[in-house]
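Got your viewer open? Let's take a walk through this chain together, one selection at a time.

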Amino acid sequence: MSEPSLIIDKSSTRPAWARCRDGLLSALMWLAYLYFLRVAFVDLYHLIVDSFEWLFASGGRPQATAISQFFGTLWIYGIVILADGAILITWALYNWRRYGRSNRYLDHDPVSIDDLAQLYELPAEDIARWQRSRILVMQHNLDGALERVISKDPDLISTPLFQTFTADSAQRSA
């Protein structure tokens, strides 16, 4: 049995406004992340410069403020990471307690030929032939009822309501 596809694989099926919103929010979060991360890089830069001057340029020892600022920044980041981890673990435990071990996201059984035949009120043999067609166009009316089926393969359509695809029928429908 194949594994169900991830929701990220189906992003193209989402509306364009939702994809744009998600892209904008992702960009804003990355900018916020880099903004907060810059403090650690600035502190690390000052620490490296002071250490380099002390080792190679006969400068004074690195200032304790540069070292303490760098470790202070790392300490704050560590607290944020632990708090974020605690929130995510709490959320996972909440969902586990609420839903138990049931997997509500299992795929449904595929629709059978008999189900389609019952839906369209047609013989199952017609539906089976349609499924063998490489190109099949199904047109529905406003109520959702099937109006006509167009196939490129003439031997796959036997019901008079439905027709085979020809150049003439393509020009008439356009």
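Here is the tour, from the whole chain down to single residues.

**Whole chain, colored by confidence.** Keep in mind that you're looking at a predicted model. The average pLDDT of the protein chain is 78, and 76% of the residues reach at least 70. Now select residues 163-174: pLDDT stays under 50 here, and the model has 16 contacts beyond four places in sequence for this stretch. Take that part with a pinch of salt.

**Whole chain, as a cartoon.** Count along and you should get five helices and three strands. From start to end, the order goes α-α-α-α-β-β-β-α. Switch on a surface and you have about 14,700 Å² of accessible area, with carbon and sulfur atoms accounting for 63% of it. Of the 174 residues in the protein chain, 14% are buried. As for contacts between residues at least 6 apart in sequence, 25% of them link residues at least 24 apart.

**The core.** Next, show side chains for Ala117, Leu122, Ile127, Trp130, Leu146 and Val149; these six residues form the largest nonpolar core. Helix α4 (124-132) and strand β2 (146-151) each bring at least two residues to this core. There's a general pattern behind such clusters: in soluble globular proteins, nonpolar side chains tend to be buried together.

**Helix α4, end on.** Which residues of α4 are buried? Select Asp126, Ile127, Arg129 and Trp130 and you have them. They sit on the same side of α4, because the arc they cover around the axis is only 160 degrees. Bring up the neighbors, too: the cover over these buried residues of α4 includes α3 (113-120), β1 and β2. Now spin to the other side of α4, where Glu125 and Arg132 are exposed.

**Glu125.** Stay on this residue of helix α4 for a moment. Its relative accessible area is 52%, so Glu125 counts as exposed, the cut-off being over 50%. Want a distance to draw? Pick the C-alpha atoms of Glu125 and Asp114: they are 9.3 Å apart in space, while the two residues are eleven apart in sequence.

**The loop before α4.** Step back to Glu121, in the loop between α3 and α4. Glu121 is exposed, with a relative accessible area of 72%. Check its backbone as well: phi is positive, about 55 degrees, although Glu121 is not a glycine. For context, most residues other than glycine have a negative phi.

**The hairpin.** Finally, select β1 (residues 136-140) along with β2. The two strands run antiparallel and are joined by five bridges. How do you find your place in the pairing? Start at Leu136, which stands opposite Ser151 in β2. Then move to the turn: the hairpin of β1 and β2 has five residues between the strands, and Gly144 takes a positive phi near 95 degrees.

**One last view.** Show α4 and β2 together with the core side chains, and you'll see the two elements that each supply at least two core residues.

Methods. Residues are numbered from 1 along each chain as its sequence is written. This is a predicted model: local features need pLDDT of at least 70, side-chain atom pairs count only at pLDDT 80 or more; totals for chains, interfaces and linings use all residues. Side-chain values use heavy atoms; hydrogens and water are left out. pLDDT is the predictor's confidence in each residue, from 0 to 100. Contact means heavy atoms within 4.5 Å. Helices (H or I, at least four residues) and strands (E, at least two) are DSSP runs, numbered from the N terminus. Buried means under 20% relative accessible area, exposed over 50%, partly exposed in between (1.4 Å probe, protein chains only). Accessible areas come from the Shrake-Rupley method with a 1.4 Å probe; for residues, only the protein chains shown count as cover. A nonpolar core is a set of buried Ala, Val, Leu, Ile, Met, Phe, Trp, Tyr and Cys residues joined through side-chain atoms within 4.5 Å. Two strands pair if DSSP finds at least two bridges between them. The arc is that of the directions from the helix axis to the C-beta atoms.
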